[in-house]
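Got your viewer ready? Load the model, keep the selection tool handy, and follow along stop by stop.

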Amino acid sequence: MTLSRILATTVLVFSHANPTHAQTSILGFTPASSAREIEIESKFKSVPSAEEERRQHRIFTSEPHVAGSKRNHQLADYIAAEWRKQGLEDVVIHRYDVYGTNPKSVSLEMIAPTHYQALLREAPLGVDPDSKNPAISGAWLGMSISGEVTAPVIYAHSGNPEDYDLLRKNGISVRGKIVLVRYSNPYSYRGFKALTAQREGAAAIVIYSDPQEDGYKKGRVDPDGPWGPEYHIQRGAITYDFMVPGDPLTPGWASVPGAKRIPLEQAMSAPKIMALPLSWHDAKPLLENMDGPLAPEDWQGGLPFPYHLGGERVKIHLKIEMDNGTQPYYVVEGRIRGSELPDEWIVMGNHRDAWVFGGVDPSSGTASMMELTRSLGKLAKDGIRPRRTLVVCSWDGEEVGLTGSTEWGEQFAEHLRTQAVAYINVDEATSGPNFHGQAVASLAPMLAETTRSLQDPSGSSLYDAWKATVTREREEGKQTGQMNDSGVANETLADTRIGSGSDHTVFLNFIGMPVIGLQFDGDYGVYHSAYDDFYWMNHFGDPGYRYHMLMSQLWGVTALRLANAELLPFDFASYAGNLRQFVSELAKANENKLLGQPPSAQAGEVRELHLDLKPILDAIDAFEASGKRLNESLHRELANGPVDPKLASILNHGMMQVERNWLNPDGIPGRPWFKHMLYGARFTYAHLELPGLTEAVEKQDWPTAKQQAELLERALHKNTKLLDELTASVQ
Ligand SMILES: [Zn+2]
């Protein structure tokens, strides 16, 4: 407590003593309106306080609040009441009746070669009072099916398809057996592991946290350090939301009460396998008793004995009873109405539901959101209103299948497609000091510029701190691909590879809105466990709540710039540069596939290309040239003073249309809900650029690849023409 106060005061002193506004003109503003904007932002930035962040964080982390629970509903009511007090307008709670998931009873016992009854619970930590809360759930995975099975256990490493290939090479089939897999190494979304096990015919999947990935092999464990202790359990859902997110029974439309629903059997995203998570404490007796071949070197883990693939020796009895069925989820929505362009929306959101307390995920984000809304409300009370409307949402059921945001997005899709400027997501606000900013490439320059006007707790600007993080991560080899040869990424810093796994998905992939994602991270080994709580945040994640406060400031300043800009700060030349990179990476990764085989094996014969990417690259060149011309025209227009409102409206709506034009109404092949042609996610949740085209090339399905390439080329031409029309309207 004392420490946090001292640190908070220090930050305030810094930000007053050392203003970072060397710039006089902001992207999208005239010189005069830039000055006004800087003044508004500095008022806004002075409101958030570290103590308030901590107070709000405590409210959200005081009790478990999983999706669909009474507590999570109470917190929705609390947010709505606070927002009204803070001065937000049109505060409403939307109810969606969705297919939900809850555990009834779960047990796992090893019956051979010896007996072991799994605890399936997390041991309390003496110094952390919350860890003794009797309301903490046991081990469970959302959307597991109910069932009972007694079967041998096979160790399938990370549970990815290539792991089963290796088992097959060793003569091991998992059909009818229980597979034991670990969470990472390499990382893949647990829902993908479940689907893979289901396809392999396994009777059940058990997923454990190996200490090599998030435990003692990484460093000191909670309560002495940020990593996961012996008993920590990573809960989570296994929903196949990489096929279609949201309520599995209403794919593509909102689950408002009374909505039409498809039968569960037809729901693509509903898993059909039993699944359970384990702490390493509970996985250890199984692993150390296994026989069968010795697992390969890279399958070995952090426990102090050799891992085997398994055979008939270890048998377990697993029983899972779930209570899956329709239940209400609640999305809270509030806004600050725009003074000049109230129909144009900047949407912001954070999910509220947590697996347990949600110290980092998501309550750090929720606390930052509450300080964001208090600060925006304060400005409105003082008569400072944004030009466009700011819409803020507290999502429910993100953890289950991105459910609340998806249903809300589907419900308001029509308005969003015509009037929404962008969506800014904050899921986990902070688990440490390293900034990670994501943006579609057209907004990457404005995000970088925004971070220049904020002060990092280290004393430098957030921009410099971000640059240092990116540089360090690149050196450590964590950041692959985008930081190699492109100057674009170096200037704008933002990660422009946007996969799925949080609430931005519906806005980008279904509606075609530009998105931004903001997060601070650090060493964090208690994800989705009961130890991700208030104690953890106050000792490891952000003890002074300074990064929470910075998040509220950054989130708000980014939103205010988008809300107040005279001409929206999109940079399509930057977009083109990024796209070119995506295409050249696709070409490089699939070089051999793209080149057809020669008709005979004779040397010197010219190989014919299966797919020529040159037309796309030419179209990108044209789009880039048009983007540059538009940038120049807009800069000139802004430099000359106020922009005629009618012209501004034409330009802004035209620029908003660009992102929409990347959508293919039919969606990417096999996944009609995912409509964006540039961004997608693999089933593992990994980002996937040019998803339709890339998947077709990887499968060597050349007719589909040609069709996808043509769609992309057409969208590029359409957007090039649109930019040219906008440029012409300025002259
Ligand atoms: Zn989250």
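This tour goes from the metal site through the strands and empty spaces to some backbone oddities.

Keep in mind throughout that this is a predicted model.

**Stop 1: the zinc ion**

Select the zinc ion and show its neighbours. Which residues hold the zinc ion? You should find NE2 of His351, an OD atom of Asp361 and two OD atoms from Asp427, at 1.9 to 2.7 Å. Put angle monitors on the four donor atoms and you'll get values of 52 to 146°. A tetrahedral label would require all angles to lie between 85 and 135 degrees, so this arrangement counts as irregular. For reference, ideal tetrahedral angles at a metal are 109.5 degrees.

Now look at where the donors sit in the chain: their spacing reads H-x9-D-x65-D. His351 belongs to strand β12 (residues 341-351), while Asp427 is in the loop between β14 (420-425) and β15 (434-439), so this pair ties together parts that are 76 residues apart in sequence. Are these two donors buried or exposed? His351 has 0% relative accessibility and counts as buried. Asp427 counts as buried too, at 14%.

**Stop 2: the strands around β14**

Colour β14 next. Six of its six residues are buried. Add β12, which runs parallel to β14 and is joined to it by five bridges. To check the register, pick Ile346: its bridge partner in β14 is Ala422. Then add strand β16 (residues 515-521), which pairs with β14 in the parallel sense over three bridges. Here Ile424 stands opposite Ile516 in β16.

**Stop 3: the seven-stranded sheet**

Hide that group and bring up another set of strands. In what order do the seven strands of the open sheet run? The order is β3-β2-β10-β5-β6-β7-β9, and the pairing is mixed. At the edges are β3 (116-117) and β9 (274-278), each of which pairs on one side only.

Zoom in on β10 (residues 315-322) and strand β2 (residues 103-112): the two are antiparallel, with eight bridges. Val106 is matched with Ile320 in β10. Strand β5 (residues 147-155) also pairs with β10 in the antiparallel sense, over six bridges, and there Ala151 stands opposite Ile316. Move on to strand β6 (residues 178-182) and the sense is parallel, with three bridges joining it to β5. Tyr155 has Leu180 as its bridge partner in β6.

**Stop 4: a pocket**

Turn on a surface and go to the second largest pocket, with a volume of about 380 Å³. Its lining has 20 residues, and the closest to the pocket centre are Arg36, Glu340, Arg387, Asn564 and Glu566. Colour the lining by class and you get seven nonpolar, five polar and eight charged residues. You've met one contributor already: β12 supplies at least two lining residues, as do α2 (31-45) and α22 (645-660).

While α22 is selected, click Leu647, which is located in that helix. Leu647 is buried, at 13% relative accessibility.

**Stop 5: a cavity**

How many cavities of 30 Å³ or more does a search of the whole structure find? It finds five. Go to the largest cavity, which holds about 60 Å³ of space. Twelve residues line it, and those nearest its centre are Phe435, His436, Trp466, Val470 and Glu473. Both β15 and α14 (462-475) supply at least two residues of this lining. By class, the lining has four nonpolar, five polar and three charged residues.

Want a distance to plot? The C-alpha atoms of Val470 and Leu647 are 39 Å apart, with their positions 177 residues apart along the chain.

**Stop 6: backbone oddities**

Most residues other than glycine have a negative phi, and most peptide bonds are trans. Here are some exceptions to click on.

- Ala112 and Pro113 are joined by a cis peptide bond, with omega about 5°; Pro113 is in the loop between β2 and β3.
- Asp222 and Pro223 share another cis bond, with omega about 10°; look for Pro223 in the loop between α7 (211-214) and β8 (236-237).
- Tyr545 has a positive phi, near 55°. Find it between α17 (534-541) and α18 (546-564), buried at 0% relative accessible area.
- Leu690 has a positive phi near 45°. Leu690 lies in the loop between β18 (687-689) and α23 (691-699) and is buried at 1%.

Technical notes:
Residues numbered from 1 in each chain as written. Predicted model: local features only at pLDDT ≥ 70, side-chain atom pairs only at ≥ 80, totals over all residues. Heavy atoms only, no water. Donors = N, O, S within 2.8 Å, 3.2 Å for Na, K, Ca; no water. Tetrahedral: all angles 85-135°; square planar, octahedral: opposite > 155°, others 65-115°. Helix = DSSP H or I, 4+ residues; strand = E, 2+ residues; numbered from the N terminus. Buried < 20%, exposed > 50% of the residue type's maximum accessible area, 1.4 Å probe, protein only. 1 Å grid on protein atoms, 1.4 Å probe; cavity = no way out; pocket = protein on both sides within 12 Å on 5 of 7 lines; lining within 4 Å. Points joined across faces, edges and corners; volume = space filled by probe spheres on them. Nonpolar A, V, L, I, M, F, W, Y, C, P; charged D, E, K, R; others polar. Pairing = 2+ DSSP bridges.
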